[in-house]
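Got the viewer open and the cartoon showing? Then let's take a walk through the model, one selection at a time.

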Amino acid sequence: VEAEIPDAQKTAWKKHSASGFTNKEDFEAAAIRHIETTLARSLYNCDEGAAYGGTALAFRDRLIIDWNKTQQSHTFADQKRVYYLSLEFLMGRALDNAMLNVGLKDVARDGLADLGFRMEDVIGIERDAALGNGGLGRLAACFLDSLASLDYPAWGYGLRYRYGIFKQEIINGYQVEVPDYWLDFNPWEFPRHDVTVDIQFYGNVRKYNDENGRQVSVWENGEIVTANAYDVPIPGYNTPTTNNLRLWSSKAASGEFDFQKFNSGEYEQSVHDQMRAETISAVLYPNDNLDRGKELRLKQQYFWCAASLHDIVRRFKKSKKAWKEFPNQIAIQLNDTHPTLAIPELQRILVDNEGLDWDTAWSIVVNTFGYTNHTVMAEALEKWSVPLIQHLLPRHLEIIYEINLHFLQYVERTFPKDRDMLSRVSIVEESNPKMIRMAYLAIVGSHKVNGVAELHSDLIKTTIFKDFVKIYGQDKFTNVTNGITPRRWLHQANPKLSELIASKLGGYDFLKDLTLLHKLEAYADDKQFRKAFQEIKYANKTRLANYIKETTGVSVNPAALFDIQVKRIHEYKRQQLNIFGVIHRYLALKAMTPEQRKKMQPRVSIFGGKAAPGYWMAKCIIHLVNEVGRVVNNDPEIGDALKVIFIEDYNVSKCEIIAPASDISEHISTAGTEASGTSNMKFVLNGGLIIGTCDGANIEITREIGEDNIFLFGNLAEDVEEIRHQHTYEGVLIDDGLQKVFDAIHNGMFGHSDEFSALTNTVVNHDHWLTSADFEAYCKTHDAIDEAFKDQEAWLHKTILAVARMGFFTADRCIEEYAEMIWNVEPQKIKQNGA
Ligand code: Z15
């Protein structure tokens with residue numbers, strides 16, 4: 001390709017080619033140029049917003065240079081690439097991350113100071129890119145950071161929602177949802193006006209026989225919606241590799257109006273069609289771990305899968321390689337079942353459009369896809385009704401039935417006498433209406449299936465997917481325990497701790513090889529190191545205390561034990577267990593003499609998290625936390641002994657302030673329900689300990705850091721079913737301490753008890769989540785934590801050892817495991833100067 005360009009053109013290009021700033025002077029020049037020209041501001045109306053804009057645009061320019069280089073180099077090298085398909089990318093803010101990853105944050109800080117601005121204020125202007133609900137979306141964001149940092153040729157594909165996850169406001173103690181319109185100034189995206197894909201919905205399937213007598217299917221007469229690409233650069237840490245996140249936005253097919261309708265006087269109809277098309281990418285569905293089969297959600301899924309596959313296939317066809325090379329060039333990872341339609345879509349492209357025979361096409365499909373499962377909970381497993389798919393995607397339904405037929409024939413051959421097996425594993429559930437089980441389709445259409453922590457990967461093999469293990473064998477099923485990026489979750493969120501670690505380890509290499517943290521074990525008994533470590537924790541707690549004061553008006557003492565549970569509100573995550581425990585503590589404090597109270601370990605119980613708008617029980621929990629806070633925080637007898645805080649609108653950027661400030665964080669899901677959890681990793685990496693159940697990644701965290709350095713409690717996953725059985729047949733036994741808590745609630749201590757009757761009744765009636773069964777152990781464990789915290793030297797010993805042993809939980813290790821076991825891809829270094 002290079003040879004075709006005339007020399008004169010190359011010379012002119014090279015002479016003016018952008019190179020990007022590396023020092024303060026050049027940064028200032030770039031920022032001011034953007035403020036004056038791109039933003040049309042002057043010295044006299046340059047506020048913090050303009051300073052943010054100028055800084056972001058200056059860094060964007062820098063990212064683009066490396067991004068172009070990376071994409072060009074990947075195209076020339078033509079190696080296997082990874083495509084990560086996720087309906088959610090919970091990216092948070094981009095500027096701080098970009099500055100740190102390219103290593104120019106200090107340069108920018110000095111430059112901004114010259115211009116009269118503080119770095120922290122400028123960073124704080126940016127809106128979070130909140131295109132996700134919780135763990136699953138944040139995992140995708142961490143994986144993008146690791147893929148780029150490790151130099152893997154990889155793209156993310158997602159939807160460009162106009163509204164991300166809603167903003168949560170707490171009004172009179174209740175959650176109120178406010179739309180998150182985040183796109184009015186987003187310097188991090190590049191509209192690719194030339195990259196569009198037409199996507200079809202509805203219509204019918206026409207069959208005919210071609211000249212060879214082969215039956216051909218044509219899907220036609222549908223409604224067309226256009227997908228427009230928006231690209232977001234993903235810079236790696238300390239490497240020129242800058243990958244791409246491509247987000248699709250929906251538009252009416254003709255771009256503007258349907259001119260025929262417009263001219264024939266159907267102006268309203270043409271505007272309506274346009275709005276209908278744009279609705280597809282309008283809003284993120286705000287449910288976490290819950291499936292609600294809405295037609296628009298299915299439209300989103302197909303729109304995004306079809307656009308992404310079209311893009312991937314187009315790129316492959318340019319290389320002029322044989323189709324059998326497809327899986328050698330392309331690995332596609334399905335983040336949960338949300339992108340499962342990509343499986344029948346690729347089969348459709350290969351068979352209907354490219355004329356491959358079914359079996360050849362199917363082997364390409366299976367070798368291309370990998371599927372990650374993130375839950376065993378029935379209510380979160382996706383199913384779509386057959387009539388809905390028939391209506392929206394008639395050809396895909398045929399293909400799904402065909403896939404199922406081939407699959408069931410194979411099962412029948414392998415297990416000839418097991419009729420039950422066929423109905424159990426069928427992709428089509430024979431209910432009324434019939435339903436397509438998306439997880440089964442994903443398993444059948446992928447060469448590897450993985451869970452996200454050891455316990456979870458074992459559970460899927462022994463429960464929900466056990467028949468599939470019999471059918472395909474053990475090797476198709478594997479585990480990749482989740483991880484987090486230490487760049488954002490240590491270096492960016494906790495710069496002081498990162499600096500202290502670097503001072504002992506002789507530099508920042510640990511940010512790219514987190515196992516190097518083990519060298520900190522040598523300092524667990526070092527007095528000076530302990531002191532420095534403790535001072536950093538105190539400073540981080542002070543930072544959070546200031547934030548709490550500003551946002552809630554409540555003063556909390558940074559010397560108190562900070563006990564934090566921040567995550568989506570869900571019954572299985574058991575925030576109700578936490579708040580009932582807090583009430584139990586409050587009642588105990590009230591029963592004490594002032595002298596006794598003084599001896600108690602002061603605590604701040606901090607909650608945060610969003611409830612899905614339709615999740616009544618989760619909203620009740622939020623309300624109870626806020627009412628308990630109102631009562632406890634205003635009780636003059638209690639003072640600093642206990643404070644209860646609900647942090648409004650928990651999100652990624654707030655987590656960056658919260659995670660470094662915990663002494664204890666709560667990961668207390670009913671055993672067997674939390675697939676992995678990832679905030680557990682963030683808190684320990686930042687020098688806090690965990691109170692947790694034997695669930696998800698808690699188990700591996702315990703194995704790594706040592707059981708002396710974690711507070712585990714509660715029933716085990718293997719016993720949960722038996723206890724639920726007892727609840728059904730013998731009734732629920734309410735723990736004595738919990739009964740006192742319920743009595744206090746019923747007596748109106750926290751406002752009208754009707755408000756909370758749903759919460760207490762569900763425990764009394766079924767206690768599906770074992771709130772009562774685990775209550776006593778939970779409270780006792782908190783007492784043990786109080787005791788342990790009093791011995792600060794021993795506590796520091798534990799927290800330092802824990803940090804030193806967290807190396808395993810870097811997302812870099814996850815990506816290396818996926819690359820080796822599932823994708824079969826190699827990293828590709830980008831040369832500093834061109835491809
Ligand atoms: C979600 O955030 C998770 C699982 C899901 O099935 C859905 Cl729909 C959303 C979470 C898990 O609950 C959590 O345990 C895990 O750490 C995270 O995915 C990433 O794997």
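Select Glu 345 and Arg 348 and show their side chains: the two form a salt bridge, with the closest N and O atoms 3.0 Å apart. Keep in mind that you're looking at a predicted model. Both residues lie in helix H12 (residues 342-353), three residues apart, or about one turn of the helix. Flip on a surface and look for the pair: Glu 345 is buried, and so is Arg 348.

Next, go to helix H10 (residues 295-318) and pick Asp 311 and Arg 314. They form a salt bridge too, with 2.7 Å between the closest N and O atoms. Because these residues are three apart in H10, about one helical turn separates them. Are the two partners buried or exposed? Asp 311 is buried, at 3% relative accessible area, while Arg 314 counts as partly exposed at 31%. Now widen the selection to Arg 192, Asp 231, Arg 246 and Arg 315: together with Asp 311 and Arg 314, these residues are linked in a network of salt bridges.

For a pair that reaches across the chain, select Glu 398 and Lys 207. Their salt bridge brings the closest N and O atoms to 2.7 Å. Glu 398 sits in helix H15 (residues 394-414) and Lys 207 in strand S8 (residues 204-209), so the link joins distant parts of the chain, 191 residues apart. Glu 398 is partly exposed at 30% relative accessibility, and Lys 207 is partly exposed at 35%. If you'd like to hunt for others, the structure holds 57 salt bridges.

Arg 246 from that network is also your way into the strands. Select it again with Tyr 157: Arg 246, in strand S11 (residues 242-252), is the bridge partner of Tyr 157. Five bridges join S4 to S11, and the two run parallel. Strand S1 (residues 81-85) also runs parallel to S4, joined by four bridges, with Trp 155 in S4 as the bridge partner of Tyr 83.

Stay on S4 and colour its two faces. In a regular strand the side chains alternate between the two faces of the sheet. Here Ala 154, Gly 156 and Gly 158 are on one side, Trp 155, Tyr 157 and Leu 159 are on the other, and all of them are buried. Step into the loop between S4 and strand S5 (167-171) and you'll meet Tyr 163, which is partly exposed at 26% relative accessible area.

Strand S2 (residues 89-92) is another one to colour by face: Phe 89 and Met 91 on one side, Leu 90 and Gly 92 on the other, all buried. Three bridges join S2 to strand S3 (residues 129-131), and the pair runs antiparallel.

Now for a six-stranded view. Select the open sheet ordered S21-S20-S19-S22-S23-S24, where the pairing is parallel. Its edge strands, S21 (642-647) and S24 (711-712), each pair on one side only. Inside the sheet, six bridges join S19 (residues 561-566) to S20 (residues 603-608); click Leu 561 and you'll find Arg 603 as its bridge partner in S20.

Last stop: the surface. Select Glu 718, Asp 719, Glu 721, Glu 722 and Glu 730, which gather in a patch of negative charge. Glu 721 is in helix H29 (residues 717-730) and is exposed, with a relative accessible area of 69%.

Definitions and conventions:
Residues are numbered from 1 along each chain as its sequence is written. This is a predicted model: local features need pLDDT of at least 70, side-chain atom pairs count only at pLDDT 80 or more; totals for chains, interfaces and linings use all residues. Side-chain values use heavy atoms; hydrogens and water are left out. Patches are made of residues with over 30% relative accessible area and no salt bridge: like charges are joined within 9 Å, nonpolar side chains (Val, Leu, Ile, Met, Phe, Trp, Tyr) within 5 Å. Accessible areas come from the Shrake-Rupley method with a 1.4 Å probe; for residues, only the protein chains shown count as cover. A salt bridge is a side-chain nitrogen of Lys or Arg within 4 Å of a carboxyl oxygen of Asp or Glu. Lys and Arg count as positive and Asp and Glu as negative; His and the chain ends are not counted. The place of a charge is taken as NZ of Lys, CZ of Arg, CG of Asp or CD of Glu. Buried means under 20% relative accessible area, exposed over 50%, partly exposed in between (1.4 Å probe, protein chains only). Two strands pair if DSSP finds at least two bridges between them.
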